[in-house]
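Here are a few worked exercises on side-chain contacts. Have the viewer ready, try each task, and then compare your steps with the solution.

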Amino acid sequence: MSRVNLVGFLPAELEDLAVELGASRYRGRQLATWIYRKRVFELEAMSDLPKDFRGRLGERAVVEVPEPERVTPSQDGSRKLVYRFADGNRISSVVMPDDDRITLCVSTQVGCGFECRFCLTGVMGLERNLTAGEIVGQVLGANRLLAPDQHVTHIVFMGMGEPLANYAALVTSLRILTDAKLGLGYSPRRITVSTVGLVPGIEKLGREALKVNLAISLHAASDEVRGPLMPVNRSFDLKTLLAALRRYPLAHRQRIFFEYVLLEDVNDSPDDAARLVRLLRGIRAKVNLIPFNDWEGAEFRRPPLPRILAFQSILLDAGLTTTVRWSKGEDIGAACGQLREPVPA
Ligand code: SAH
């Protein structure tokens, strides 16, 4: 029988396991502390656990944090970490240092099933969901790679895959990451979940009271433009999406992030900007404009810089907080929408 990986177990599940093995719940809490707080991954090194408990545990379970198969550094200081799983599938995470922040971009699926036209991950289709352990493992794996005095400070669910299409694993990983006592202890304000706009998932996430940030891949301000770009718009059009967002529970001073990839002559005109202003009226929003990142075979182009800045100005003049996000890691295929790893034959 193969042993289970304890990375990805909720603290409460580790307590249940301890009881199952004839120990007290307290032993489960110690186990969670070792794995998630002290980041010690060898059972032998968990010195305050009784030897016989460790022995029984070792027959059933391992603590396994994935080792990247490849680490590719970018000119801009970011690094792409490629992981290969036992089934041969590969995913990537991207570490992005910026002043005193280190942001990690994590994947939630191998590939993606939503087929956004401008996204290379969409081209490869969906292979499978990641487990909660494989998601949390990306954070532990990145932290292990960093210097002892450094650690990931912010986490964005913006890698391969659609987080809300892997809902159960997403929420379990968020609970482990944000558990202040027995988990990794990340403030929810430092975590952002990005979605193509799956309305039922957005509504469910709102009810979890996790308080993490929500980012919407909007990319267009009318159904006419968004429909052909993002097939998901046929299931949930802008009216339905925006209605759900207006109801979304936000914490004090929290805002919804809107991502808008700028595609030349597709969605980058002054009229598009004005429509976007009207669409977001009344929502506590922050807009991130992402100039399109090219990939081989793409049918889109990045607009020239003046066009990008003109679009931004219209939003700023209307009072919308708007930044232009120059993606990191473009030279190593790690930028937004460029993540694709070879799949096993
Ligand atoms: N599936 C989720 C998580 C991925 S986030 C989502 O779509 O929100 C990755 C972001 O990069 C999304 O906003 C996506 O639309 C955007 N993106 C995809 N391809 C891109 C490209 N070629 N250039 C710039 N941004 C891109």
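**Exercise 1. Find the salt bridge between Glu20 and Arg60, and place both partners.**

Step 1. The side chains of Glu20 and Arg60 meet in a salt bridge with an N to O distance of 2.8 Å. The term stands for a side-chain nitrogen of Lys or Arg within 4 Å of a carboxyl oxygen of Asp or Glu.

Step 2. Glu20 belongs to helix 1 and Arg60 to helix 3, so the pair ties together parts that are 40 residues apart in sequence. Helices are DSSP runs of H or I with at least four residues, strands are runs of E with at least two, and both are numbered from the N terminus.

Step 3. Glu20 is exposed at 56% relative accessibility, while Arg60 is partly exposed at 31%. Here buried means under 20% relative accessible area, exposed over 50%, and partly exposed in between, using a 1.4 Å probe and protein chains only.

Before you go on, a note on the input: this is a predicted model, in which local features need pLDDT of at least 70 and side-chain atom pairs count only at pLDDT 80 or more, whereas totals for chains, interfaces and linings use all residues. Residues are numbered from 1 along each chain as its sequence is written, and side-chain values use heavy atoms, leaving out hydrogens and water.

**Exercise 2. Which salt bridge does Arg29 form with Glu15, and which network holds them?**

Step 1. The closest N and O atoms of Arg29 and Glu15 are 2.7 Å apart, and the two residues form a salt bridge. Arg29 sits in helix 2 (residues 25-37) and Glu15 in helix 1 (residues 11-20), so this pair ties together parts 14 residues apart in sequence.

Step 2. Glu15 is buried at 11% relative accessibility, and Arg29 is partly exposed at 33%.

Step 3. Glu15, Asp16, Arg25 and Arg29 are linked in a network of salt bridges. A search of the whole structure finds 18 salt bridges.

**Exercise 3. Describe the surroundings of Arg56 in helix 3.**

Step 1. Helix 3 covers residues 51-60, and Arg56 lies in it. With 30% relative accessibility, Arg56 is partly exposed.

Step 2. The side chains of Arg56 and Asp52 are joined by a polar contact of 2.9 Å. Such a contact is a pair of N or O atoms within 3.5 Å; within protein, one must be able to donate a hydrogen and the other to accept it, and residues adjacent in sequence count only if both atoms are side-chain atoms.

Step 3. Leaving aside residues up to four places away in sequence, Arg56 touches Leu21 and Gly22, where contact means heavy atoms within 4.5 Å. The C-alpha atoms of Arg56 and Gly22 are separated by 9.4 Å, although these residues are 34 apart along the chain.

**Exercise 4. Is Lys80 buried or exposed, and which backbone oxygen does its side chain reach?**

Step 1. Look in strand 4 (residues 79-84) to find Lys80. Its relative accessibility is 5%, so Lys80 counts as buried.

Step 2. The Lys80 side chain reaches the backbone oxygen of Gly333 at 3.2 Å.

Step 3. Beyond residues up to four places away in sequence, Lys80 touches several residues, including Arg70, Thr72, Ser92, Gly333 and Glu341.
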